[in-house]
Amino acid sequence: MKTIFLSFSLLFTTVLSFGQCDKEVKLTTSKTEYLDAAGVVQRTVDEQCTIDIGKTDVLIIPGNADQKMNGIIQSTTCTWSVPYKEGKTVMKALFKEPSGEERHVTLTIEGKAGQLTFLMEIAEMPDRKIRVWVEEFGEKK
C-alpha cells in the first residue's frame, strides 16, 4: 500500500511539474544585477524588464526597449517540487545580435522559499552574469 501511495505521489508531482514546464510565461522585474564570474554583484540598475518565455523562444525587453533580445530555445530542463515556488528551469538558447553575431546563453529560473530569480549566463562572456529578481510571474494567455 505504501508503494502504491508513494508511486501515486511521485506521479502527481511529476505531472504538476511537467504541467508547469510546458506553459508560456511572462516575468516582470524592476532591478538588474550584473555579476562577475564568481557571482559577486558588481553593479545594480533599477529598471523595468519583461521576459516572455514561449515554447520555442524567449524575448527579453530591458528598461531600454531598443536593446531587446530575442533567442531560440534549444533545450529545457525543468524540475519543480512546488510550481512557481520551489524548483528550477534551465534553458539553453541561441541569441543573435543585430550584427549577426551569435550568443550561446544559459537561462535559469530558480525558486527558493517562494522567491524567483532569473539568471542569464552568456558562454561568450564567461566573466559576466546578469541576474534579476522576479516580482511578477504568470502564465501568458
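Before I turn to the pocket, one term: the strands I will name are DSSP runs of E, at least two residues long, numbered from the N terminus. Please also keep in mind that what we are looking at is a predicted model.

Let me start with the largest pocket, which has a volume of about 630 Å³ and is lined by 27 residues, with Pro62, Gln67, Met69, Met120 and Ile130 lying nearest its centre. If we ask which strands build this lining, at least two residues each are supplied by β1 (25-35), β2 (41-53), β4 (69-82), β5 (86-96), β6 (102-112), β7 (115-122) and β8 (129-139), and the largest share, five residues, belongs to β2. As for the chemical character of the lining, 16 of its residues are nonpolar, eight are charged and three are polar.

I would now like to move to a single residue, glutamate 33, which sits in strand β1. Is glutamate 33 buried or exposed? Its relative accessibility is 8%, and because buried means under 20%, glutamate 33 counts as buried.

What, then, does the side chain of glutamate 33 make polar contacts with? One partner is the side chain of arginine 131, at 2.7 Å, and another is the side chain of tryptophan 133, at 3.0 Å. Leaving aside residues up to four places away in sequence, glutamate 33 touches Val41, Arg43, Thr44, Lys129 and Ile130, as well as Arg131 and Trp133. Ile130, which appears among those contacts, is also one of the residues that lie nearest the centre of the largest pocket.

Key
Residues numbered from 1 in each chain as written. Predicted model: local features only at pLDDT ≥ 70, side-chain atom pairs only at ≥ 80, totals over all residues. Heavy atoms only, no water. 1 Å grid on protein atoms, 1.4 Å probe; cavity = no way out; pocket = protein on both sides within 12 Å on 5 of 7 lines; lining within 4 Å. Points joined across faces, edges and corners; volume = space filled by probe spheres on them. Helix = DSSP H or I, 4+ residues; strand = E, 2+ residues; numbered from the N terminus. Nonpolar A, V, L, I, M, F, W, Y, C, P; charged D, E, K, R; others polar. Buried < 20%, exposed > 50% of the residue type's maximum accessible area, 1.4 Å probe, protein only. Polar contact = N/O pair within 3.5 Å; in protein donor to acceptor, adjacent residues only side chain to side chain. Contact = heavy atoms within 4.5 Å.
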